[in-house]
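I opened the notebook to look up the covalent cross-links first and a stretch of strand pairing afterwards.

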Amino acid sequence: MTSLHTTRARPRSPGAALAAAGLLTALLAGAGPASATPDPGDLTPGSSSGAAVPRSAAAPDRELAPGEIPGQDEIVHSKNVTPLANVPSSYPNGINSDLAFQDRYAYAGSYDGFTIYDIGDPKAPKTVATVLCPGGQNDVSVYGDLLFLSTDSSRSDDSCHSVSQPATEKSSWEGIKIFDIKDKKNPKYIKSVETSCGSHTHTLVPGGRDIYLYVSSYSPSEAFPDCLPPHDGISVVKVPRKDPTRAAVVAFPVLFPDGGNPGAPANPGVSKTTGCHDITVLPSENLAAGACMGDGILFDITDPEQPRVIDRVQDNVNFSFWHSATFNERADKVVFTDELGGGGSATCNEATGPDRGADGIYDITGRGDQRRLVFKSYFKIPRRQADTENCVAHNGSLIPVGGGRDVMVQAWYQGGVSVWDFTDSTSPKEIAYFERGPLTTDKLGLGGSWSAYYYRGHIYSNDIVKGLDVLRLDDRRTDSAKWVWTDRLNVQSQPAYH
């Protein structure tokens, strides 16, 4: 199958941060406009082979010595992690993105489409179907027989045969695609919904008769007919469960009536808020947390069509781009991630330091509309990464250990997969890891884990170029999570595990 690469016509990146990194010149050569957005849609995957290194050809798996950088493509991991399987990417020349789960299946997005895996046996995942439907990022979620796919690259139309087209053209399309996945081997595309500025990510809000999608997008321009400023909110898509072909945008709640963080020059190195990047909802608490470029927000979703902002925070010292959010089980903490450099820079190094390109841990204090986000500390992986490795905090999920303890697993691009404990908000620590050595040793490469999530006792990681990794975590601090069995996991629709 031939992969179709697209070039995003709409600049969406915190360009100053990328330029400051000073590492993208070689990586971006020939890859279109230097507009590397948070999530590296315009970058070229590393030159290392997209397929996994055969275990027989690689050195035996081992732990890292303090300060050590593993060899090129070498697999290293802590003693409590066991790599079980790798399924090479369905799109060897593409970019793999997010993951969703339902029953015995994993759904993996890619800028070229999506893949359905049977993970009934985690040691031997099987590819069930591969759907070619180009459009960045193709973030994915599932509910019943429906699969939702985000398109945030300007396309000639809403079909799976579309080609890249400038966002300056009124006929261009971006938004949500809906598939019927009742027959896992033959998914059917049944509906599209165009949304303002596209759909960089979306968050599924389950309901009774209807499903809602919170569509996050950003970076408007007077030159874009379908993405005009001010773009100070999110699109709410309503999907009738009995007739999903009637899905439509029903609201555009304004989250930043004052315009949000102004960014530079008032706040140098900080992204101007022109929308949200990602939202996580906690339906059991009617609560949501939004990572919105220059702002982090907490809001009430009792009325899913009209979410209400309760509190809003900024970090104009160490956060460049608020990327994603994760609640703890008791809903009294939120972990926000900062995607410094848009996912295409080497920021897990001594030059960047421990507080930038990291997670920010916030306690939630008070009750009701008096709840407030209170900063406690930063967390960044302690393992040193090479200057040729794109590395920054990215997508992760809770590990449902219960008992009042807070543990999550998280992707760090070429920093690999990290398991860390933030029970003490002021003193987080890594307790397990898995990573590969640099894809390239002579120039900055693009690769590593895009998303790493815990589902039914295992960790699943969608590596940008290597494909699906399955890991087993054996640790007394997390073993209780193996008894928590969920039927579905869309990580941005966070379940009440206990």
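I count as a disulfide a pair of cysteine sulfur atoms within 2.5 Å, and I note that the model I am reading is predicted.

Entry on the disulfides. I looked up how many the structure holds and found 4, with the bonded cysteines, counted along the chain, following the pattern 1-2, 3-4, 5-6, 7-8.

I went to Cys133 and Cys160, which are joined with an S to S distance of 2.0 Å, and noted that the torsion about their S-S bond is about -80°, so this disulfide is left-handed. Cys133 sits in the loop between strand 6 and strand 7 and Cys160 in the loop between strand 8 and strand 9, so the pair ties together parts 27 residues apart in sequence. I found both Cys133 and Cys160 buried.

I then took Cys276 and Cys292, whose sulfur atoms are 2.1 Å apart, and read 75° about the S-S bond, a right-handed link. Cys276 lies in the loop between strand 14 and strand 15, whereas Cys292 lies in strand 16, so parts 16 residues apart in sequence are tied together. With buried meaning under 20% relative accessible area, Cys276 qualifies because its relative accessibility is 1%, and Cys292 because its value is 0%.

Entry on strand 13. I checked residues 235-240 and found 5 of the 6 buried. Strand 13 pairs in the antiparallel sense with strand 12 over 6 bridges, and likewise antiparallel with strand 14 over 3 bridges. I followed Val236 to both sides, where Tyr214 is its bridge partner in one pairing and Ala251 of strand 14 in the other.

Key:
Residues are numbered from 1 along each chain as its sequence is written. This is a predicted model: local features need pLDDT of at least 70, side-chain atom pairs count only at pLDDT 80 or more; totals for chains, interfaces and linings use all residues. Side-chain values use heavy atoms; hydrogens and water are left out. Buried means under 20% relative accessible area, exposed over 50%, partly exposed in between (1.4 Å probe, protein chains only). Helices (H or I, at least four residues) and strands (E, at least two) are DSSP runs, numbered from the N terminus. Two strands pair if DSSP finds at least two bridges between them.
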